[in-house]
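Thanks for coming. I will take one protein today and go from a strand to its sheet, then to a single side chain.

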Amino acid sequence: MSHGTSPPRTSFHTLGIVGTGAMGRGIAQIAAQAGLTVYLHDLRAGAVDEARDFIAGMWQRGVQKQRLSEADAERYRASLKEAASLTDLAECDIVVEAIVEKLEAKQSLFAELEEILGDQAVLATNTSSLSVTAIASACRHPERVIGFHFFNPVPLMKIVEVIPGLRTSGHVADDVEALGRAMGHFTARTTDTPGFLVNHAGRAYGTEALRILGESVADPATIDRIMVDQGGFRMGPFALLDLTGLDVSHAVMESIYHQYYEEPRFRPSPITRQRLTAGLLGRKSGEGFYRYVDGKPQVDETPLPPASEPRPVWVAADEAEAHQALTSLVNNAGWPLESGAAPSSEALCLVAPLGEDATACALRLGVPAERCVAVDLLAGLDKRRSLMTTPATHDEYRDAAMTLFGHDGTPVSALHDSNGFVLQRVVACIVNVGSEIAQQGVAAPQTIDRAVELGLGYPHGPLAMGDHYGSRRILAILDNMLAATGDPRYRASPWLRRRATLGLPLTNA
């Protein structure tokens, strides 16, 4: 239980908030908890009272759960004040706007606030997608305008992006960063670029999953299972798109893509535009990539393939570690393992490509395509196993591979031929986008990783993820995908290529 401990020091004492929706309420809550006096303003009659009641209810729940003392809750409640008009914000040290995401509206508000606030007061925008520099351009003193971007729900998402515009003064950025820390959040200092840091870094997860779906490699449920079980992500990309809603997600995809002048790494998918037009938004509409009943997704169970009798297995893997993993699995299953220089005429042939499809790998290694099955070993074989067949692979060999890899009860996913399976493709794209963010100097490497872990809930930040799986393997996946597809989406960032070839961590600045 809290006993009135002093919050970290900040140069700000009085904070104004314009807009008392979900974001404004959350910012007000943590600002009050940091010891600031908070003035709330909203154009809608009754909105401020609703916001204060909501925030007070959150504190009361904290008291009931013994996370907060009654005295602290009362002190916090007393620090929330109403600003009936903008002029009531005149004494604020900083004002945070959390209004509609329209450039003209934010510019107009800040121009009006400039006539009201003192010369040293800071104007902060909670924009998630608009240029801070553009918002500041309408002000007489752009040096005091800064981005202060929180994530919803604000009290639980312990991260805030601090985004100086091109003309923001250094001391304003330092003071606002200190304020973010005083409010209990990790402060990610980032440059004023499209998507800032977190939304920029998140572009690969959904867009590459949509590309995989668009190539008929696997259905949404299979892709989600692979990313959760093999990749360790909290939520699959299609479950996440359904949760966020395509009306929000598709707009962000298109916005960042166009703001980066059609950068191929951020290319949206026509799939989401079609589904958006059809009203298949996700949970909020009752149907998206999944159908929802009482808020729960309806997911069909994966049908089991026919059980097959053991048959000889021959392993062809480029990496010694991959060869060992496959031979160990075969031996543990008790299936006969061939050790000759070439497979017998009856052998199931296993390959483990990085960024190649099963067809190209089979042809390169001289393996009979009709008996070839590819295995994704990027994340090992512990929690889920992904198999991929060539268009020529006979059903009996596919079923045999499914039986072999599921012999110990571990779930198995079957994919159509693809460069990079599912996990390899998505992970490589995440690492590549994170590497390019570092290359552009959007934020420091450690900031990139921590911000993504907190803001997106990934199991690792993108640079740490590359080191976890091996940056040379990630580079090989991207290079092979680029060579096979010719799509510049898969060109490797110089940050990744240089550090992978030198054997340095991707977090090395």
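How many of the residues of strand 1 are buried? Five of its five, so to speak the full count: strand 1 is mostly covered. Before going further, note that this is a predicted model.

Stay with strand 1 for a moment. In a regular strand the side chains alternate between the two faces of the sheet. Here T14, G16 and V18 point one way, while L15 and I17 point the other way. Residues on both sides are buried.

Next, the partner. Strand 1 runs parallel to strand 2, residues 37–41, and five bridges join the two. One position to look at on screen is V18, whose bridge partner in strand 2 is H41.

Now the sheet itself. It is open, has eight strands in the order 3-2-1-4-5-6-7-8, and its pairing is mixed. At the edges are strand 3, residues 80–82, and strand 8, residues 186–189, each of which pairs on one side only. On average, neighbouring strands of this sheet are turned by 25° against each other, ignoring direction.

What packs on this sheet? Helix 4, residues 103–114, does. Helix 4 touches strand 1 (14–18), strand 4 (94–97), strand 5 (122–125) and strand 6 (145–150). The direction of helix 4 makes about 165° with that of strand 5.

At the strand 8 end, strand 7, residues 159–164, pairs with strand 8 in the parallel sense over four bridges. V160 stands opposite T187 of strand 8 there.

Let me step back to the whole protein. Its secondary structure comes to 20 helices and 15 strands. Buried residues make up 53% of the 509. The C-alpha atoms fill a box of roughly 85 × 45 × 45 Å along the principal axes. Of the contacts between residues at least 6 apart in sequence, 70% join residues at least 24 apart.

Last item: D357. Where is it? D357 is in the loop between strand 12 (348–351) and helix 14 (358–365). D357 is buried, yet has no salt bridge. The nearest side chain of opposite charge is R364, at 9.0 Å, and a salt bridge here requires 4 Å or less. What does the side chain of D357 have, then? One of its polar atoms lies 2.7 Å from the backbone nitrogen of A360. Leaving aside neighbours within four places in sequence, D357 is in contact with M388, D417, S418 and N419.

That is the tour; I will take questions.

Definitions and conventions: Residues are numbered from 1 along each chain as its sequence is written. This is a predicted model: local features need pLDDT of at least 70, side-chain atom pairs count only at pLDDT 80 or more; totals for chains, interfaces and linings use all residues. Side-chain values use heavy atoms; hydrogens and water are left out. Buried means under 20% relative accessible area, exposed over 50%, partly exposed in between (1.4 Å probe, protein chains only). Lys and Arg count as positive and Asp and Glu as negative; His and the chain ends are not counted. A polar contact is a pair of N or O atoms within 3.5 Å; within protein, one must be able to donate a hydrogen and the other to accept it, and residues adjacent in sequence count only if both atoms are side-chain atoms. Contact means heavy atoms within 4.5 Å. Two strands pair if DSSP finds at least two bridges between them. Axes are lines fitted to C-alpha atoms, for helices over the stretch in contact, and angles run from 0 to 180 degrees between N-to-C directions.
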